[in-house]
Amino acid sequence: MPAGFRAIPLLLAAAVAACADPAAPPSACPADGYPAGLARPASCTPGPGWLAWAFAREGNPSPAIFIGKPDGTCTQRVTADAAFYGAPAFVPGGRRLVYASTRSGLNSLYLLDLTTGAETRLDTAYAFSPPPAAPAVLTAATPAVSPDGTTVAFEGGLTAYPGWTDVFTVPVAGGDVVRVTRDPVAASLPRWSPDGSSLYYLSFRTGAPELRTVRPDGSGEAAVTSGAGISSRFDVTGDGQALVYARRAPSGAGATPTELVTLDLASGGVRVISSANEADPAVDAGTTTVAVSRRTDAGGYDLYLLDYASGAVRRQLTSCPGQAFGAAFAR
(Lines give C-alpha, C1' and ligand atoms only; values in the text may rest on other atoms or scores of the structure.)
Protein backbone atom coordinates (compact mmCIF):
# COMPACT_ATOMS: atom_id res chain seq x y z
CA MET A 1 0.00 0.00 0.00
CA PRO A 2 1.53 3.38 -0.93
CA ALA A 3 2.95 5.18 2.10
CA GLY A 4 1.38 8.45 0.93
CA PHE A 5 -2.05 7.21 1.91
CA ARG A 6 -1.05 6.36 5.48
CA ALA A 7 1.69 8.33 7.21
CA ILE A 8 2.22 11.33 4.95
CA PRO A 9 -1.44 12.41 4.81
CA LEU A 10 -1.43 12.72 8.60
CA LEU A 11 0.25 16.13 8.21
CA LEU A 12 -1.25 19.65 8.11
CA ALA A 13 -0.35 23.35 8.61
CA ALA A 14 -1.73 26.08 10.89
CA ALA A 15 -3.39 29.42 10.44
CA VAL A 16 -2.20 32.82 11.54
CA ALA A 17 -3.93 36.17 11.91
CA ALA A 18 -6.57 37.11 9.34
CA CYS A 19 -5.48 39.43 6.52
CA ALA A 20 -7.23 42.34 4.89
CA ASP A 21 -7.16 40.30 1.68
CA PRO A 22 -8.60 36.86 2.57
CA ALA A 23 -6.73 35.20 -0.30
CA ALA A 24 -3.36 36.72 0.65
CA PRO A 25 -0.83 34.44 2.39
CA PRO A 26 -0.55 34.80 6.17
CA SER A 27 2.42 36.42 7.86
CA ALA A 28 5.81 34.77 8.27
CA CYS A 29 6.45 31.87 10.65
CA PRO A 30 7.82 32.33 14.16
CA ALA A 31 11.46 31.47 14.85
CA ASP A 32 10.73 27.84 15.77
CA GLY A 33 9.40 27.13 12.27
CA TYR A 34 5.88 26.31 13.43
CA PRO A 35 2.80 28.40 12.65
CA ALA A 36 1.59 30.79 15.32
CA GLY A 37 -0.83 29.37 17.88
CA LEU A 38 0.73 28.19 21.12
CA ALA A 39 -2.31 29.30 23.13
CA ARG A 40 -6.00 29.76 22.36
CA PRO A 41 -7.60 33.00 23.53
CA ALA A 42 -10.19 32.52 26.28
CA SER A 43 -12.82 34.07 24.04
CA CYS A 44 -12.42 31.29 21.45
CA THR A 45 -14.59 28.23 22.06
CA PRO A 46 -14.25 25.33 19.58
CA GLY A 47 -17.45 24.35 17.83
CA PRO A 48 -19.07 23.57 14.45
CA GLY A 49 -17.24 25.04 11.50
CA TRP A 50 -13.79 24.95 13.13
CA LEU A 51 -10.84 23.31 11.40
CA ALA A 52 -8.27 20.85 12.71
CA TRP A 53 -5.02 19.99 10.97
CA ALA A 54 -1.47 18.72 11.50
CA PHE A 55 1.73 20.47 10.53
CA ALA A 56 5.27 19.13 10.07
CA ARG A 57 7.86 21.85 9.62
CA GLU A 58 10.51 21.51 6.96
CA GLY A 59 13.14 18.95 7.95
CA ASN A 60 11.07 17.54 10.84
CA PRO A 61 9.04 14.35 10.25
CA SER A 62 6.87 14.71 13.38
CA PRO A 63 3.77 16.87 12.89
CA ALA A 64 1.81 18.70 15.56
CA ILE A 65 -1.96 19.23 15.55
CA PHE A 66 -3.61 22.64 15.39
CA ILE A 67 -7.19 23.87 15.56
CA GLY A 68 -8.73 27.21 14.62
CA LYS A 69 -11.45 29.07 12.79
CA PRO A 70 -11.53 29.11 8.97
CA ASP A 71 -11.02 32.89 9.04
CA GLY A 72 -7.53 32.35 10.45
CA THR A 73 -8.33 33.38 14.02
CA CYS A 74 -8.40 31.43 17.31
CA THR A 75 -5.53 29.21 16.23
CA GLN A 76 -4.15 26.85 18.86
CA ARG A 77 -1.47 24.18 18.78
CA VAL A 78 -2.94 21.32 20.82
CA THR A 79 0.00 18.87 20.79
CA ALA A 80 3.52 19.90 21.77
CA ASP A 81 5.80 16.89 22.28
CA ALA A 82 8.06 15.25 19.70
CA ALA A 83 5.80 12.28 18.89
CA PHE A 84 4.08 11.87 15.53
CA TYR A 85 0.53 13.28 15.51
CA GLY A 86 -1.96 13.36 12.66
CA ALA A 87 -5.36 12.62 11.12
CA PRO A 88 -7.46 14.82 13.41
CA ALA A 89 -11.22 14.26 13.38
CA PHE A 90 -13.78 16.19 15.39
CA VAL A 91 -16.51 14.58 17.43
CA PRO A 92 -19.75 16.29 16.28
CA GLY A 93 -20.16 19.62 18.05
CA GLY A 94 -16.46 20.44 17.78
CA ARG A 95 -15.60 20.22 21.50
CA ARG A 96 -13.64 16.94 21.29
CA LEU A 97 -11.00 15.72 18.86
CA VAL A 98 -9.78 12.24 17.92
CA TYR A 99 -6.33 11.82 16.39
CA ALA A 100 -3.58 9.27 15.83
CA SER A 101 -0.20 9.40 17.57
CA THR A 102 2.92 7.29 18.05
CA ARG A 103 3.37 8.64 21.58
CA SER A 104 2.94 5.18 23.13
CA GLY A 105 5.29 3.58 20.60
CA LEU A 106 2.46 2.06 18.54
CA ASN A 107 0.27 4.20 16.32
CA SER A 108 -2.79 4.64 18.52
CA LEU A 109 -5.97 6.72 18.76
CA TYR A 110 -6.49 9.44 21.37
CA LEU A 111 -9.59 11.40 22.34
CA LEU A 112 -8.95 14.96 23.52
CA ASP A 113 -11.48 17.19 25.28
CA LEU A 114 -10.66 20.64 23.89
CA THR A 115 -12.40 22.38 26.80
CA THR A 116 -10.80 20.57 29.75
CA GLY A 117 -7.65 19.19 28.13
CA ALA A 118 -8.46 15.66 29.32
CA GLU A 119 -7.10 12.97 26.99
CA THR A 120 -8.06 9.29 26.68
CA ARG A 121 -6.34 6.55 24.72
CA LEU A 122 -8.81 4.31 22.87
CA ASP A 123 -8.20 0.57 23.24
CA THR A 124 -7.97 -1.03 19.79
CA ALA A 125 -7.36 -4.67 20.78
CA TYR A 126 -9.15 -7.13 18.49
CA ALA A 127 -9.40 -10.93 18.70
CA PHE A 128 -8.83 -12.46 15.27
CA SER A 129 -10.21 -15.88 14.51
CA PRO A 130 -8.68 -18.19 13.34
CA PRO A 131 -5.41 -17.70 15.28
CA PRO A 132 -4.07 -15.67 16.80
CA ALA A 133 -7.12 -16.07 19.01
CA ALA A 134 -5.79 -13.82 21.76
CA PRO A 135 -6.60 -10.15 21.24
CA ALA A 136 -4.01 -8.29 19.18
CA VAL A 137 -3.54 -4.54 19.58
CA LEU A 138 -4.13 -2.92 16.22
CA THR A 139 -2.10 -0.05 14.90
CA ALA A 140 -4.69 2.66 14.34
CA ALA A 141 -4.77 5.60 11.92
CA THR A 142 -7.09 7.97 10.02
CA PRO A 143 -10.03 8.07 12.46
CA ALA A 144 -13.50 9.29 11.47
CA VAL A 145 -16.28 9.90 14.00
CA SER A 146 -19.87 8.86 13.26
CA PRO A 147 -22.49 11.62 12.86
CA ASP A 148 -24.11 10.69 16.18
CA GLY A 149 -20.74 10.97 17.93
CA THR A 150 -20.74 7.44 19.37
CA THR A 151 -18.34 5.51 17.13
CA VAL A 152 -14.88 5.95 15.65
CA ALA A 153 -14.08 4.23 12.36
CA PHE A 154 -10.37 3.78 11.70
CA GLU A 155 -7.79 2.04 9.56
CA GLY A 156 -6.34 -0.81 11.61
CA GLY A 157 -3.33 -3.00 10.95
CA LEU A 158 -0.80 -5.32 12.58
CA THR A 159 2.92 -4.64 12.85
CA ALA A 160 3.56 -8.27 11.84
CA TYR A 161 1.81 -7.65 8.50
CA PRO A 162 3.07 -4.33 7.15
CA GLY A 163 0.98 -2.92 4.31
CA TRP A 164 -2.22 -4.74 5.32
CA THR A 165 -5.08 -2.72 6.84
CA ASP A 166 -8.83 -3.06 7.23
CA VAL A 167 -11.56 -0.72 8.44
CA PHE A 168 -12.58 -1.21 12.07
CA THR A 169 -14.83 0.67 14.52
CA VAL A 170 -14.60 1.31 18.25
CA PRO A 171 -17.03 3.18 20.54
CA VAL A 172 -15.93 6.69 21.49
CA ALA A 173 -16.66 5.76 25.11
CA GLY A 174 -14.54 2.61 24.81
CA GLY A 175 -15.64 -0.95 24.16
CA ASP A 176 -15.42 -3.78 21.66
CA VAL A 177 -13.64 -3.25 18.35
CA VAL A 178 -15.65 -4.35 15.30
CA ARG A 179 -14.06 -5.40 12.03
CA VAL A 180 -16.01 -3.84 9.16
CA THR A 181 -14.06 -4.84 6.02
CA ARG A 182 -12.17 -7.94 4.95
CA ASP A 183 -10.28 -6.49 2.05
CA PRO A 184 -7.93 -8.92 0.26
CA VAL A 185 -5.20 -6.25 0.02
CA ALA A 186 -5.79 -3.10 2.07
CA ALA A 187 -8.70 -0.91 3.11
CA SER A 188 -8.04 2.55 4.52
CA LEU A 189 -9.27 6.11 5.16
CA PRO A 190 -12.87 5.46 6.27
CA ARG A 191 -15.41 8.29 5.99
CA TRP A 192 -19.00 8.23 7.28
CA SER A 193 -22.05 9.17 5.27
CA PRO A 194 -23.86 12.12 6.92
CA ASP A 195 -26.71 9.87 8.07
CA GLY A 196 -24.33 7.27 9.53
CA SER A 197 -25.81 4.44 7.47
CA SER A 198 -22.64 3.65 5.54
CA LEU A 199 -18.89 4.09 5.35
CA TYR A 200 -16.77 4.98 2.34
CA TYR A 201 -13.15 3.86 2.16
CA LEU A 202 -10.17 3.38 -0.13
CA SER A 203 -9.54 -0.15 -1.34
CA PHE A 204 -6.39 -1.41 -3.05
CA ARG A 205 -7.80 -4.75 -4.17
CA THR A 206 -7.50 -3.84 -7.88
CA GLY A 207 -3.93 -2.62 -7.47
CA ALA A 208 -4.91 1.04 -7.67
CA PRO A 209 -6.80 2.96 -4.97
CA GLU A 210 -10.54 3.00 -5.60
CA LEU A 211 -13.49 4.04 -3.45
CA ARG A 212 -15.91 1.48 -2.03
CA THR A 213 -18.82 1.64 0.37
CA VAL A 214 -20.01 -0.67 3.15
CA ARG A 215 -22.47 -0.61 6.03
CA PRO A 216 -20.99 -0.37 9.54
CA ASP A 217 -21.91 -4.03 10.17
CA GLY A 218 -19.85 -5.11 7.15
CA SER A 219 -22.80 -5.81 4.85
CA GLY A 220 -23.70 -4.18 1.55
CA GLU A 221 -20.16 -3.75 0.30
CA ALA A 222 -19.98 -2.25 -3.20
CA ALA A 223 -17.61 -0.45 -5.54
CA VAL A 224 -18.06 3.29 -6.04
CA THR A 225 -15.27 4.17 -8.50
CA SER A 226 -13.23 2.45 -11.18
CA GLY A 227 -10.21 3.97 -12.86
CA ALA A 228 -10.56 7.10 -10.75
CA GLY A 229 -6.83 7.84 -10.47
CA ILE A 230 -7.21 8.87 -6.83
CA SER A 231 -4.03 10.42 -5.46
CA SER A 232 -4.84 11.38 -1.84
CA ARG A 233 -7.49 11.36 0.84
CA PHE A 234 -11.14 12.04 0.06
CA ASP A 235 -14.16 13.42 1.89
CA VAL A 236 -17.95 13.19 1.81
CA THR A 237 -19.86 16.43 1.21
CA GLY A 238 -21.96 17.76 4.05
CA ASP A 239 -25.18 16.98 2.17
CA GLY A 240 -24.03 13.42 1.44
CA GLN A 241 -24.62 13.79 -2.28
CA ALA A 242 -21.02 13.66 -3.49
CA LEU A 243 -17.46 12.58 -2.76
CA VAL A 244 -14.52 14.96 -3.21
CA TYR A 245 -11.00 13.71 -3.95
CA ALA A 246 -7.78 14.59 -5.71
CA ARG A 247 -6.78 12.64 -8.77
CA ARG A 248 -3.89 12.55 -11.19
CA ALA A 249 -4.32 15.22 -13.85
CA PRO A 250 -3.47 14.81 -17.55
CA SER A 251 -1.46 18.06 -17.51
CA GLY A 252 -0.23 20.73 -15.13
CA ALA A 253 2.77 21.91 -13.17
CA GLY A 254 5.27 19.45 -11.71
CA ALA A 255 6.08 15.82 -12.44
CA THR A 256 2.80 14.49 -11.00
CA PRO A 257 0.06 17.11 -11.46
CA THR A 258 -3.23 16.63 -9.65
CA GLU A 259 -6.69 18.12 -9.77
CA LEU A 260 -9.54 18.31 -7.28
CA VAL A 261 -12.85 16.77 -8.38
CA THR A 262 -16.29 16.02 -7.00
CA LEU A 263 -18.17 12.81 -7.83
CA ASP A 264 -21.98 13.01 -7.81
CA LEU A 265 -23.15 9.77 -6.18
CA ALA A 266 -26.54 9.76 -7.90
CA SER A 267 -25.46 10.43 -11.48
CA GLY A 268 -21.83 9.33 -11.41
CA GLY A 269 -20.84 12.63 -12.98
CA VAL A 270 -17.43 14.10 -12.16
CA ARG A 271 -16.77 17.85 -12.01
CA VAL A 272 -13.33 19.44 -11.71
CA ILE A 273 -13.22 21.97 -8.87
CA SER A 274 -9.59 23.08 -9.22
CA SER A 275 -6.43 22.10 -11.08
CA ALA A 276 -3.65 23.56 -8.94
CA ASN A 277 -2.00 20.44 -7.49
CA GLU A 278 -4.26 19.97 -4.47
CA ALA A 279 -4.56 17.03 -2.10
CA ASP A 280 -6.50 15.89 0.99
CA PRO A 281 -9.82 17.74 0.65
CA ALA A 282 -12.16 18.33 3.61
CA VAL A 283 -15.67 19.68 3.04
CA ASP A 284 -17.66 21.77 5.52
CA ALA A 285 -21.16 20.90 6.73
CA GLY A 286 -22.84 23.32 4.32
CA THR A 287 -20.99 21.94 1.27
CA THR A 288 -19.81 25.46 0.45
CA THR A 289 -16.11 25.31 1.33
CA VAL A 290 -13.31 22.82 0.69
CA ALA A 291 -10.08 22.86 2.70
CA VAL A 292 -7.20 21.52 0.60
CA SER A 293 -3.45 21.11 0.74
CA ARG A 294 -1.94 22.87 -2.27
CA ARG A 295 1.56 22.03 -3.47
CA THR A 296 4.11 24.86 -3.29
CA ASP A 297 6.94 25.60 -5.69
CA ALA A 298 9.36 24.43 -2.99
CA GLY A 299 7.71 21.00 -2.85
CA GLY A 300 5.79 21.48 0.40
CA TYR A 301 2.05 21.98 0.93
CA ASP A 302 0.05 24.95 2.23
CA LEU A 303 -3.53 24.92 3.45
CA TYR A 304 -6.15 26.75 1.38
CA LEU A 305 -9.90 27.22 1.54
CA LEU A 306 -11.69 26.99 -1.83
CA ASP A 307 -15.25 27.74 -2.89
CA TYR A 308 -16.87 24.35 -3.51
CA ALA A 309 -18.91 25.56 -6.50
CA SER A 310 -16.30 27.64 -8.34
CA GLY A 311 -12.93 26.50 -7.00
CA ALA A 312 -11.97 30.12 -6.28
CA VAL A 313 -9.55 30.69 -3.40
CA ARG A 314 -11.32 32.07 -0.35
CA ARG A 315 -8.29 32.14 1.94
CA GLN A 316 -4.74 30.87 2.26
CA LEU A 317 -4.32 29.66 5.83
CA THR A 318 -0.67 28.61 5.99
CA SER A 319 2.70 29.73 4.69
CA CYS A 320 5.31 28.04 6.90
CA PRO A 321 7.84 25.86 5.02
CA GLY A 322 6.74 22.27 5.55
CA GLN A 323 3.90 19.87 4.90
CA ALA A 324 0.21 20.71 5.31
CA PHE A 325 -2.23 17.78 5.02
CA GLY A 326 -5.38 16.15 6.35
CA ALA A 327 -7.67 19.00 7.36
CA ALA A 328 -11.01 18.24 9.03
CA PHE A 329 -14.05 20.42 9.63
CA ALA A 330 -16.13 20.20 12.80
CA ARG A 331 -19.79 19.53 11.93
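Here is a quick briefing on the core, the strands, the disulfide and the ring pairs of this structure. Keep in mind that this is a predicted model. Its largest nonpolar core has 21 residues, it holds one disulfide, and it holds nine aromatic pairs. There is also an open sheet made by four strands, and two residues, R294 in strand 23 and A312 in the loop between strand 24 and strand 25, get a closer look at the end.

**The nonpolar core**

- The largest nonpolar core counts 21 residues, and the ones with the most contacts inside it are F128, L138, V152, F154 and F168.
- Five elements give two or more residues to this core: strand 5 (96–101), strand 6 (108–113), strand 10 (139–145), strand 11 (151–157) and strand 12 (166–171).
- As background, nonpolar side chains in soluble globular proteins tend to be buried together.
- If you want to look around V152, leave aside its neighbours within four places in sequence and you'll find it in contact with V98, L109, L122, P143, A144, V145, F168, T169, V170 and V172.
- F168 turns up twice here: it is one of the residues with the most contacts inside the core, and it is in contact with V152.

**Aromatic pairs**

- The structure holds nine aromatic pairs.
- Take Y85 and Y99: their ring centres are 5.8 Å apart and their planes stand at 70°, so this pair is edge-to-face.
- That pair links distant parts of the chain, with Y85 in strand 4 (residues 85–90) and Y99 in strand 5, 14 residues apart.
- Y85 counts as buried at 2% relative accessibility, and Y99 counts as buried at 1%.
- Then there's Y301 with F325: the centres are 4.4 Å apart and the planes are at 50°, so the pair is tilted.
- This pair also links distant parts of the chain, Y301 sitting in strand 24 and F325 in strand 26 (residues 322–329), 24 residues apart.
- Y301 and F325 are both buried.
- Ring pairs also link Y126, F128, F154, W164 and F168 into a cluster. Among them, F128, F154 and F168 are also on the list of residues with the most contacts inside the largest nonpolar core.

**The disulfide**

- The one disulfide of the structure is formed by C44 and C74, with their sulfur atoms 1.9 Å apart.
- The torsion about the S-S bond of C44 and C74 is about -65°, so the disulfide is left-handed.
- It links distant parts of the chain: C44 is in the segment before strand 1 (51–57), C74 is in the loop between strand 2 (64–68) and strand 3 (76–77), and the two are 30 residues apart.
- Buried or exposed, C44 and C74? Both are buried.

**The hairpin of strands 18 and 19**

- Six of the seven residues of strand 18 (residues 230–236) are buried, so the strand is largely enclosed by the rest of the structure.
- Strand 18 runs antiparallel to strand 19 (residues 242–248), and four bridges join them.
- One bridge to look up is that of I230, whose partner in strand 19 is R247.
- The two strands form a hairpin with five residues between them, and G240 in the turn has a positive phi of about 75°.

**The open sheet of strands 22 to 25**

- Four strands form this open sheet in the order 22-23-24-25, with antiparallel pairing.
- Strand 22 (278–283) and strand 25 (313–316) stand at the edges with a single partner strand each, so one side of each is left without a neighbour in the sheet.
- On average, neighbouring strands of the sheet are turned by 25° against each other, direction ignored.
- Strand 24 (residues 301–307) is joined to strand 25 by three bridges, and the two run antiparallel. L306 has V313 in strand 25 as its bridge partner.

**Two residues up close**

- R294 is found in strand 23 (residues 289–295), and with a relative accessible area of 15% it is buried.
- Not counting residues up to four places away in sequence, R294 touches S274, A276, N277, E278, G300, Y301, D302, Y304, L306 and V313. L306 and V313 are the bridge partners just mentioned.
- A312 lies in the loop between strand 24 and strand 25, and at 39% relative accessibility it counts as partly exposed.
- Neighbours within four places in sequence aside, A312 is in contact with L305, L306 and D307.
- A312 and I273 are 39 residues apart in sequence, and their C-alpha atoms are 8.6 Å apart in space.

Terms used:
Residues are numbered from 1 along each chain as its sequence is written. This is a predicted model: local features need pLDDT of at least 70, side-chain atom pairs count only at pLDDT 80 or more; totals for chains, interfaces and linings use all residues. Side-chain values use heavy atoms; hydrogens and water are left out. A nonpolar core is a set of buried Ala, Val, Leu, Ile, Met, Phe, Trp, Tyr and Cys residues joined through side-chain atoms within 4.5 Å. Buried means under 20% relative accessible area, exposed over 50%, partly exposed in between (1.4 Å probe, protein chains only). Contact means heavy atoms within 4.5 Å. Two strands pair if DSSP finds at least two bridges between them. A disulfide is a pair of cysteine sulfur atoms within 2.5 Å. Axes are lines fitted to C-alpha atoms, for helices over the stretch in contact, and angles run from 0 to 180 degrees between N-to-C directions. Rings of Phe, Tyr and Trp (its six-membered ring) pair if their centres lie within 6.5 Å; planes under 30 degrees apart count as stacked, over 60 as edge-to-face and the rest as tilted.
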